[in-house]
Amino acid sequence: GQRLDATLMKIITHTDTIPQPTVATIGFFDGVHLGHRHLIDDVRAIAAERKLATAVVTFDAHPRQVLQQDFIPQLLSTTDEKLEMLAATGVDYCVLLHFDRSLAALSAYEFMRQVLREQVHARVLVTGYDNRFGHNRAEGFDDYVTYGRQLDIDVMAGTPFEHEGMRVSSSLIRRCISEGDVDSARQALGYTYSLQAPIVSGYAEGRRMGFRTANLDMTHISKMLPSRGVYVTRVRIDDAGAWLPAMTNVGCRPTFGRTDTTIETYIFDFDASLYGHSLEVAFCHRLRDEQRFADEAALAAQLADDERQARQLLTHTI
């Protein structure tokens with residue numbers, strides 16, 4: 001749940017071209033995690049050495065979404081969040097390509113010629129250690145080097161980024177979030193994972209037990225959900241003001257026999273109505289699995305215990 005100050009990054013879309021030669025890198029950059037930032041640092045260092053501008057080439061949709069009709073991406077960032085975080089890396093240009101079937105059909109050579117050379121004016125391409133592009137997924141780094149020689153683009157490999165022995169990648173972070181390990185996700189992302197949505201009315205079960213909760217509108221969430229359970233969170237209302245201490249349940253409220261997934265947040269020491277507002281929920285720690293309780297009294301007792309633990313954990317974290 002971190003908002004980064006945007007610099008003067010220029011966003012290039014569709015057929016616009018970059019008016020100066022660049023050092024470029026390409027990828028989906030989901031989450032703009034520490035591995036991505038490490039790669040972009042490589043790009044900036046090479047650009048400084050060669051006195052060139054910097055460019056990040058990315059896409060407005062997950063490539064697999066276009067190629068597989070039934071694929072629902074488990075996204076770590078929205079396009080707006082991604083652009084905001086890319087701007088904060090200090091790159092000069094972000095080329096936001098519309099990923100569709102015609103772009104997907106380009107060979108790696110044609111992609112390098114049409115996009116990287118003609119649109120991006122790339123003199124150098126720094127590729128991620130595992131990056132593949134072009135419709136033939138069998139082509140890899142050595143092929144890109146060969147095409148680069150033909151197109152006068154110097155192709156270099158970025159160095160992988162490891163954090164505490166883990167090679168940081170979007171798929172590693174997705175696995176952490178899907179297991180509820182939001183602590184490891186935060187370490188690999190470099191910020192606390194968050195979800196944002198408008199607040200809708202819920203079933204008012206929490207209020208009855210003395211825990212008035214704010215329910216996120218699930219139809220507005222395009223990012224992946226942490227696994228079901230109770231989390232220590234910080235929240236922010238309408239993208240402004242201070243982060244407030246809270247605890248959040250992701251799940252289907254089995255004690256009440258519900259089956260639809262909801263995200264309900266109990267903000268500590270806060271009693272105003274939030275209908276009509278939006279809430280950003282940043283997941284700091286996981287407290288426990290979602291459980292089914294014998295009755296409301298047992299659940300209320302557990303929630304009081306959760307709150308005690310959450311308050312304690314929040315005083316020890318940033």
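1. In what order do the six strands of the open sheet lie, and is their pairing parallel or antiparallel? In this predicted model, the order runs β1-β4-β3-β2-β5-β6, and the pairing is parallel. The edges of the sheet are formed by β1 (10–13) and β6 (154–157), each of which pairs on one side only, and from one strand to the next the twist averages 25°.

2. Within this sheet, the pairing of β2 (residues 22–26) with β5 (residues 122–127) is worth following on the model: the two strands run in the parallel sense and are joined over three bridges, and A24 has L125 as its bridge partner in β5. Helix α6 (residues 141–151) packs on the sheet, where α6 touches both β5 and β6, and the direction of the helix makes about 160° with that of β6.

3. Helix α3 (residues 79–87) deserves a separate comment, since its buried residues are E81, K82, L83, M85, L86 and A87, a list in which charged residues appear beside nonpolar ones. These buried residues pack against the strands β1, β3 (53–59) and β4 (93–97), and also against helix α1 (34–50).

4. As to the interior, the largest nonpolar core has 49 residues, and those that touch the most other members are L86, I173, Y193, L279 and F283; L86 also belongs to the buried set of α3. The element that gives the most to this core is α1, with five residues. A second core, separate from the largest one, comprises 33 residues, among them L97, V115, L116 and V120.

Key: Residues are numbered from 1 along each chain as its sequence is written. This is a predicted model: local features need pLDDT of at least 70, side-chain atom pairs count only at pLDDT 80 or more; totals for chains, interfaces and linings use all residues. Side-chain values use heavy atoms; hydrogens and water are left out. Two strands pair if DSSP finds at least two bridges between them. Helices (H or I, at least four residues) and strands (E, at least two) are DSSP runs, numbered from the N terminus. Axes are lines fitted to C-alpha atoms, for helices over the stretch in contact, and angles run from 0 to 180 degrees between N-to-C directions. Contact means heavy atoms within 4.5 Å. Buried means under 20% relative accessible area, exposed over 50%, partly exposed in between (1.4 Å probe, protein chains only). A nonpolar core is a set of buried Ala, Val, Leu, Ile, Met, Phe, Trp, Tyr and Cys residues joined through side-chain atoms within 4.5 Å.
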